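Colleague: I've got a model open and I'd like some help reading it. Could you walk me through a few features?

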Amino acid sequence: MDRTLSLSDHAVLAALGEGPAHGFRLAGLFAKGGELGGVWAVGRPQVYRALGRLGAVGYARVAEHTASESGPPRSVYALTESGEAALRAWLETPVAHLRDARSELLLKLVFSERAGHDPKPLLDAQTEHFGRVRDGYRARLEIAAGAERLALEWRLAAVEAALRFLSERPT
């Protein structure tokens with residue numbers, strides 16, 4: 001993941017990967033009741049900040065201005081070539097931390113599915129990474145005691161659940 005971008009920035013980047021859009025449309029997509037709001041909700045101000053950041057790093061540009069029935073013309077944003085490359089890299093990179101599986105990994109899988117991309121490379125890489133994490137927890141659990149042991153038991157159960165989820169995904 002490009003560390004200069006937040007997860008919301010990456011979500012907006014991925015939505016622009018589906019085609020040019022204006023901020024109002026993107027905000028609706030990520031609203032709590034929107035098509036993707038149940039996966040990752042992004043408020044309207046965050047969407048517009050994300051579009052600004054994506055423009056600042058050269059990943060998006062204003063492609064056109066369209067008339068609006070209410071208010072000023074809307075700026076329609078599209079990905080640049082470097083934005084498309086950044087999106088591909090983000091979608092193919094497994095998440096580093098288990099805590100990011102619920103948000104970042106789920107977003108990557110949703111956007112890959114929406115684009116008709118084969119999720120197998122990401123699923124395989126994520127499974128391999130979480131397998132190493134699981135093995136590390138198991139090794140540490142053998143010598144842990146007290147609060148550390150309890151925390152490791154929780155993390156081990158969580159990573160095993162994530163691995164089950166990954167193994168059950170159709171490819």
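Modeller: Sure, we'll take the sheet, then a helix pair, then one residue; keep in mind that this is a predicted model.

Colleague: Let's start with the sheet. What is the order of its three strands?

Modeller: In general, strands of a sheet pair through backbone hydrogen bonds, either parallel or antiparallel. Here the order is β1-β3-β2 in an open sheet, and the pairing is antiparallel. The edge strands, β1 (21-22) and β2 (60-66), each pair on one side only.

Colleague: How many bridges join β1 to β3?

Modeller: Two bridges, with β3 covering residues 74-79. If you want a spot to look at, Ala 21 sits opposite Tyr 77 of β3.

Colleague: Now the helices. How do α2 and α3 pack?

Modeller: Two packed helices are described by the angle between their axes and the distance between the axes. For α2 (residues 23-30) and α3 (residues 44-56), that's about 125 degrees and 9 Å. So α2 is oblique to α3, and the crossing is right-handed.

Colleague: Which residues make the contact?

Modeller: From α2, Gly 23, Phe 24, Leu 26 and Ala 27; from α3, Arg 44, Val 47, Tyr 48 and Leu 51. By class, that contact has six nonpolar residues, one polar and one charged.

Colleague: Last one: is Gln 126 buried or exposed?

Modeller: Gln 126 counts as buried because its relative accessible area is 0%, and the cut-off for buried is under 20%. Gln 126 lies in helix α6 (residues 120-141). Leaving out residues up to four places away in sequence, Gln 126 touches Pro 94, Val 95, Leu 105 and Leu 166.

Terms used
Residues are numbered from 1 along each chain as its sequence is written. This is a predicted model: local features need pLDDT of at least 70, side-chain atom pairs count only at pLDDT 80 or more; totals for chains, interfaces and linings use all residues. Side-chain values use heavy atoms; hydrogens and water are left out. Two strands pair if DSSP finds at least two bridges between them. Helices (H or I, at least four residues) and strands (E, at least two) are DSSP runs, numbered from the N terminus. Axes are lines fitted to C-alpha atoms, for helices over the stretch in contact, and angles run from 0 to 180 degrees between N-to-C directions. Angles under 35 degrees count as roughly parallel, over 145 as roughly antiparallel, 65 to 115 as roughly perpendicular and the rest as oblique. A crossing is left-handed if the near helix is turned anticlockwise from the far one by less than a right angle, and right-handed if clockwise. Contact means heavy atoms within 4.5 Å. Ala, Val, Leu, Ile, Met, Phe, Trp, Tyr, Cys and Pro count as nonpolar, Asp, Glu, Lys and Arg as charged, and the others, Gly among them, as polar. Buried means under 20% relative accessible area, exposed over 50%, partly exposed in between (1.4 Å probe, protein chains only).
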